[in-house]
Amino acid sequence: MTQDQTPAKRWDPLVKITHWGVAAVVVCNALIVGEGSIAHIWAGYTLAGLLALRLLWGVIGTRPARFTSFPPSPSRALAHIRAIREGRHEEHGSHNPLGALMAYAIWACLGVIVASGIAMAGAPPAIYASTTPAQIISGEAEEGEHGGYREHGEDDEYGEGGEEDEGEEVLEEVHEIAVNLLYLLILLHIGGVAFETARSGKRTITAMLPGGK
């Protein structure tokens, strides 16, 4: 089958905004802000909003963006792998079957990260006027008992070994595992996009850029 080197635009602006918005938040949290910092927490709320918007758009959005256009199907993914091995090229109006599984896996992982993070942080925190920008970014201040933030080292309300601490530890472990899994999925996603671009000749990467096709 002859491949069209300039496929029609598939991704609408909202899909692109949520895609790159999530990417920016993940990179920011991984490389810039401190773990547990106020900025880290607010980035998590931003991530929750972007994820919710993309999931809503998967129900009411444009046809390529809707979940019905790329349902998760292991059997179709296996068939797609066979097509790759046989050198066959197939047209897909949205994600190919492997890309669809990756999209749902990333969304599920983001959901666990958001849920566990909000469970630990609670409602959007108030920031005391005394909190400096460095503390906001680095995490040198922690949430205080009245919605503000306290310096590291201040006594915990529940003390060591308490029931609250045990629950917090479980949430932290789930959060950390989900974050590490997300990094792995992102690497696989990037590798898959690069492979599909080289295999099919389509501009898969630029299709997600502003004005890209």
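**Helix α1 and the α3–α4 contact**

User: What makes the pairing at the start of α1 a polar contact?

Analyst: In this predicted model, a side-chain oxygen of Asp-12 comes to within 3.0 Å of the backbone nitrogen of Leu-14, at the start of α1. The cut-off for a pair of N or O atoms is 3.5 Å, so this pair falls inside it.

User: How do you know that the length of α1 fits a helix?

Analyst: Happily, the numbers can be set side by side. Helix α1 covers residues 13-31, and at 1.5 Å a residue its 19 residues should span 27 Å. Its end C-alpha atoms lie 27 Å apart, so the two values agree.

User: Which residues of α1 are buried, and what makes them count as such?

Analyst: They are Val-15, Lys-16, Thr-18, Gly-21, Val-22, Val-25, Val-26 and Asn-29. Buried means under 20% relative accessible area. For the chain, 34% of the 213 residues count as buried.

User: Why are α3 and α4 called oblique to each other?

Analyst: The axes of α3 (residues 74-85) and α4 (residues 97-121) cross at roughly 135°. Roughly perpendicular ends at 115 degrees and roughly antiparallel begins over 145, so this angle counts as oblique. The two axes come within 7 Å.

User: Which residues meet there, and what makes the contact residues nonpolar, polar or charged?

Analyst: Pro-74, Arg-76, Ala-77, His-80, Ile-81 and Ile-84 in α3 meet Pro-97, Leu-98 and Leu-101 in α4. The residues of this contact divide into 7 nonpolar, 1 polar and 1 charged. Arg counts as charged, while Ala, Ile, Leu and Pro count as nonpolar.

How values were computed:
Residues are numbered from 1 along each chain as its sequence is written. This is a predicted model: local features need pLDDT of at least 70, side-chain atom pairs count only at pLDDT 80 or more; totals for chains, interfaces and linings use all residues. Side-chain values use heavy atoms; hydrogens and water are left out. Axes are lines fitted to C-alpha atoms, for helices over the stretch in contact, and angles run from 0 to 180 degrees between N-to-C directions. Helices (H or I, at least four residues) and strands (E, at least two) are DSSP runs, numbered from the N terminus. Angles under 35 degrees count as roughly parallel, over 145 as roughly antiparallel, 65 to 115 as roughly perpendicular and the rest as oblique. Contact means heavy atoms within 4.5 Å. The expected span of a helix is 1.5 Å times one less than its number of residues. Buried means under 20% relative accessible area, exposed over 50%, partly exposed in between (1.4 Å probe, protein chains only). A polar contact is a pair of N or O atoms within 3.5 Å; within protein, one must be able to donate a hydrogen and the other to accept it, and residues adjacent in sequence count only if both atoms are side-chain atoms.
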